[in-house]
Amino acid sequence: MITLNHYLIVSGILFSLGLAGVISRRNILIIFMCLEMMLSAANLALVAFSRFNVTQGLPDYTAQALVFFTITVAAAEVAVGLAIIVALFRTKQSVEVEAVTKLHG
Amino acid sequence: MPPLLFYLFALITLGFGLNVVIARNPVTSALSLAVSFVGLAALFLSLDAYFIGTLQVLVYAGAVMVLFLFIIMLMDIKAEVLGGRANLSAMVAGVLVAAILAVQIATVSGRLSQSEATLQTAPLQLSEAAKSWEARGKQNLPTISRDLKAGNLPDAKLMGETLFSKYAFHLQMVGLLLLVGTVGVVALSKRDKEASPS
């Protein structure tokens, strides 16, 4: 049977995949996509906890409200982040992380 | 949801998620991410979170991925050259840290007190929920009680009730955040006419 553990492990693996991408990739756009993946993995864990914590016969809707806010903030974050990446691309003509070395001592 | 479907959608989510990380071409990554999000939405549906599942498809697989694809095509980014100067140490570090984190999460989640709960051992009790809804007096919304009595889970209605009563202030704050985000994006992407192109 599918237990809470199964959902948590899927969520954990998805989060780890995103983390691996953030650390190892050099393209800023792909790093950003991996960040979105990590946010979604956290959402999966929240929804799983919400469903398995049955309060008064219903899923715990507090957790799902948090997921709603997470999705909204993630959407705003994508908009602002992509605008920053476009501004960066205009000045550097590149989206590789190696191109951004202005703060390198 | 039958176990087979859970494994199918978990495989879709994780497989395409892996493709996001290893694909050379950013367009491939973006499309894989969209498929991965659809698989994740199916997992949300399997957890009786119909509203969140719909939102995942509309916002992530729809709006956010279109934005990503639009930016990728606007910048006309070429795929990384295969066998180019791959950053070997970063790759090893990424895989190692991620593997350690995955093992840690798996260990910790196995030790939770509820980790062996299934959807059958934690069932939704809709008739009991209907009774507690009816007992709420003034705050009782008849449409929710009606659905609960009929044995349906009014997921979107309950979600709306939670958002607009308990978290009404937070909802307005998030609306303000979106407004600030929109203004910020316009300010960031506006070309300064007097300033020299730096």
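**Exercise 1. Work out how many residues chain A and chain B each bring to their contact, and what chain A's side is made of.**

Start with the count: chain A puts in 63 residues and chain B puts in 75 residues, where two residues are in contact if their C-beta atoms, placed from the backbone, lie within 7 Å. Before going on, note that this is a predicted model: local features need pLDDT of at least 70, side-chain atom pairs count only at pLDDT 80 or more, and totals for chains, interfaces and linings use all residues. Residues are numbered from 1 along each chain as its sequence is written, while chains are lettered from A and ligands numbered from 1 in the order in which they are written.

Next, find the elements. On chain A's side, those giving two or more residues are helix 1 (4-24), helix 2 (28-52) and helix 3 (61-92); helices (H or I, at least four residues) are DSSP runs, numbered from the N terminus. Helix 3 of chain A supplies the largest share, 22 residues.

Last, sort by class: 44 nonpolar, 15 polar and four charged. Here Ala, Val, Leu, Ile, Met, Phe, Trp, Tyr, Cys and Pro count as nonpolar, Asp, Glu, Lys and Arg as charged, and the others, Gly among them, as polar.

**Exercise 2. Describe how helix 3 of chain A packs on helix 3 of chain B.**

Take the geometry to begin with: the axes lie 11 Å apart, at an angle of about 5 degrees. Axes are lines fitted to C-alpha atoms, for helices over the stretch in contact, and angles run from 0 to 180 degrees between N-to-C directions. The two helices are therefore roughly parallel, a label for angles under 35 degrees.

Now look at who meets whom. Helix 3 of chain A uses residues including A:Val67, A:Ile71 and A:Leu82, and its partners in helix 3 of chain B include B:Leu55, B:Val59 and B:Leu67. The tally for this contact is 17 nonpolar, one polar and no charged residues.

**Exercise 3. Place B:Trp133 in its helix and decide whether B:Trp133 is buried or exposed.**

First, its address: B:Trp133 sits in helix 5 (residues 126-134) of chain B. Then count: B:Trp133 is buried because it has 24 C-beta neighbours inside 10 Å, and the cut-off for buried is 20 or more other C-beta atoms within 10 Å of its own, again placed from the backbone.

Finally, leave out residues up to four places away in sequence, and B:Trp133 touches B:Asn140, B:Ile144, B:Ser145 and B:Leu148. For B:Ile144, 11 residues along the chain, the C-alpha separation from B:Trp133 is 7.9 Å.

Notes
A residue is buried if 20 or more other C-beta atoms lie within 10 Å of its own, exposed if 12 or fewer, and partly exposed in between; C-beta atoms are placed from the backbone. Angles under 35 degrees count as roughly parallel, over 145 as roughly antiparallel, 65 to 115 as roughly perpendicular and the rest as oblique.
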